[in-house]
Amino acid sequence: MCLAIPGKLTAITGQLDETFRFGKVSFGGIMKEVNLSMVPEAKVGDYVLVHVGVAISLVDEEEAHKTFEYIKQMGELNDLDSNTSET
Amino acid sequence: MKYLSEFRDATTVKDLVDTIKRITTKPWTIMEICGGQTHSLVKNGILEMLPIEITMVHGPGCPVCVTPLGINDEAIYLAESKNVILCSFGDMLRVPGSKKSLLEVKATGADVRIVYSPLEAVKLAQDNPATEVVFFAVGFETTAPANALSVVHAHKLGVNNFSILASHVLVPPAMEAILSDPETRIDAFLAAGHVCTIMGMEEYEPIVEKYKVPIVVTGFEPVDLSGILMTVIQLERGEAKLENQYARVVQQEGNRLAQKTIYEVFEISDRTWRGIGEIPESGYEVKNEYARYNARKKFNLNLKPVPENAECISGAIMKGLKKPIQCPNFGTQCNPEHPLGAPMVSSEGACAAYYHYANNNLVKS
Ligand code: SF4
């Protein structure tokens, strides 16, 4: 559950106030809305590490790809669609 | 079961294992406190590749597994209450409470929903203004910023029908509890990479100092085996230092904004860990300023200590005294369909890792 999954920030979709921003992040094609409040420096095109819908840090692109592939091979991407699996 | 040869890093891993073998001269017990690492070690067959002198033991790195029975019962009570939607991460659903699991109460009609993020639960509360939405906020430091953010967000939006049932645990006090336990002997720790992404490394310094124990912040991929190598190098040299193997992600100071969000909403509290017992100042509770978002206050819950299932030895496993396969119920009375304890059903639980992925050697050894 502590696993954070890297994805690419493709768009900033909203800003409620100074700190509370959110955007769309692509995890190998799976799009999710992600909160960006903890990474004010993140821009469209950056890779972010996302844990339970909140980006917790930036990562470089190569690291992001390697980690993503690994998590996929391990079969641990189900966190991304847990809201559709059992509800 | 996946094999290492499938990974592009297979040669790196082999080199790392060879180096560990070459330099190891004495028996060492190393504990990882991260369910992701436990699963990676087991799934990739790394435990079997390590030299016989190196014993990896699997600490309390699974927040679902250490959530005490009493809190599971509180969640179940709320789920069964009228006009309540109980939201949770999927992992929590199959965990047995003292009488039943959330999945069982869901099957009898309770409104229990799996969410990907606590912020989804806030959205659900906005969409259902006449219903109380409670988020079962389980987690380590990694998850605390997101859970805190859900409270801040609900507060800013004026969403009054949202609250959280907090079950938050902290890694460093658990390490200290394990190190102070006269029964255990842990020579070194791997600290969890994503916990340190949030909290940084500073809080581990005093533990290294006080207990003269090497701590290496480590990732969870097979190449991160170099964390074990770094630990063994220190042990063989008689050193005890705090090192960062996962510097590609972890900064010394962590994510200060995330820490600020945590301390906005939470304060440090004593906590009972399932299987281990009470550890002082080892958890987070919602601060008084945000009491109206605290499900315990809102619904007047009184956390009652509930005796744990005596058949489950998860406490001994998490303290590094036993391996899952040494549990007399492993794979027989206790299996993923009929779990006796949380480590058999959580995706980060050590028993689940051994059950699903360990090959026969590991299970027989
Ligand atoms: S195998 Fe089952 S009963 Fe034994 S420690 Fe693991 S969860 Fe508990």
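A polar contact is a pair of N or O atoms within 3.5 Å; within protein, one of the two must be able to donate a hydrogen and the other to accept it. The legends below describe close-up views of a predicted model.

**Figure 1. The loop residue Thr184(B) and its polar contacts.** Thr184(B) is found in the loop of chain B between helix 9 (171-180) and strand 7 (188-192). A polar atom of the side chain of Thr184(B) lies 2.6 Å from the backbone oxygen of Ile178(B). The side chain of Thr184(B) also reaches the backbone oxygen of Asp181(B), at 3.1 Å. When residues up to four places away in sequence are not counted, Thr184(B) touches Ile178(B), Lys319(B) and Leu321(B). Is Thr184(B) buried or exposed? Its relative accessibility is 12%, and a residue is buried under 20%, so Thr184(B) counts as buried.

**Figure 2. The start of helix 7 in chain B.** At the start of this helix, a side-chain oxygen of Ser117(B) reaches to within 3.1 Å of the backbone nitrogen of Leu119(B). Helix 7 of chain B covers residues 118-127. Which residues of helix 7 are buried? They are Pro118(B), Leu119(B), Ala121(B), Val122(B), Leu124(B) and Ala125(B). Leu119(B) therefore appears twice in this view, as a buried residue of the helix and as the residue whose backbone nitrogen the side chain of Ser117(B) approaches.

**Figure 3. Cys87(B) in strand 3 of chain B.** Strand 3 comprises residues 84-88, and Cys87(B) has its place there. With a relative accessibility of 0%, Cys87(B) counts as buried. Not counting residues up to four places away in sequence, Cys87(B) touches Arg113(B), Val115(B), Ala121(B), Leu124(B), Val133(B), Val134(B), Phe135(B) and Phe136(B). Among these, Ala121(B) and Leu124(B) are buried residues of helix 7, the helix of the preceding view. Cys87(B) and Leu165(B) are 78 residues apart along the chain, and their C-alpha atoms are separated by 9.9 Å.

**Figure 4. The disulfide of Cys62(B) and Cys65(B).** A disulfide is a covalent bond between the sulfur atoms of two cysteines. How many disulfides does a search of the whole structure find over all chains? The search finds 1. The bond joins Cys62(B) to Cys65(B), with a distance from S to S of 2.2 Å. The link of Cys62(B) and Cys65(B) is right-handed, with 70 degrees about the S-S bond. Cys62(B) is buried, at 3% relative accessibility, and Cys65(B) is buried as well, at 1%. Two further cysteines may be set beside them: Cys351(B) is buried, with a relative accessible area of 11%, whereas Cys312(B), at 25%, counts as partly exposed.

**Figure 5. Arg296(B) and its surroundings.** Arg296(B) lies in helix 14 of chain B, which covers residues 295-298. The relative accessible area of Arg296(B) is 12%; a residue is buried under 20%, and Arg296(B) is therefore buried. The side chains of Arg296(B) and Glu285(B) are joined by a polar contact of 2.8 Å. Leaving aside its neighbours within four places in sequence, Arg296(B) is in contact with Ile71(B), Glu74(B), Leu165(B), Ala166(B), Glu285(B) and Leu301(B). One of these residues, Leu165(B), was named in the view of Cys87(B) for its C-alpha separation.

**Figure 6. The interface of chain B and chain A.** In this view, 46 residues of chain B are in contact with 37 residues of chain A. The two chains bury about 3,600 Å² between them, and 64% of this area is on carbon and sulfur atoms. Across the interface, 10 residue pairs are in polar contact, and the rule finds 1 salt bridge. Which side chains meet in a salt bridge? They are those of Arg248(B) and Glu63(A), at 2.6 Å from N to O. Helix 8 of chain B (residues 144-157) gives the most to the side of chain B that touches chain A, with 6 residues. The residues of that side divide into 23 nonpolar, 12 polar and 11 charged.

**Figure 7. The partner chain, chain A.** The secondary structure of chain A comes to 2 helices and 5 strands. Read along the sequence, these elements follow the pattern β-β-β-β-β-α-α. Chain A has 87 residues, of which 55% count as buried. Among the contacts in chain A with a separation of 6 or more, 36% are between residues 24 or more positions apart.

Conventions
Residues are numbered from 1 along each chain as its sequence is written. Chains are lettered from A and ligands numbered from 1 in the order in which they are written. This is a predicted model: local features need pLDDT of at least 70, side-chain atom pairs count only at pLDDT 80 or more; totals for chains, interfaces and linings use all residues. Side-chain values use heavy atoms; hydrogens and water are left out. Contact means heavy atoms within 4.5 Å. Buried area is the accessible area (1.4 Å probe) that two parts lose on being put together, summed over both. A salt bridge is a side-chain nitrogen of Lys or Arg within 4 Å of a carboxyl oxygen of Asp or Glu. Helices (H or I, at least four residues) and strands (E, at least two) are DSSP runs, numbered from the N terminus. Ala, Val, Leu, Ile, Met, Phe, Trp, Tyr, Cys and Pro count as nonpolar, Asp, Glu, Lys and Arg as charged, and the others, Gly among them, as polar. Buried means under 20% relative accessible area, exposed over 50%, partly exposed in between (1.4 Å probe, protein chains only). A disulfide is a pair of cysteine sulfur atoms within 2.5 Å.
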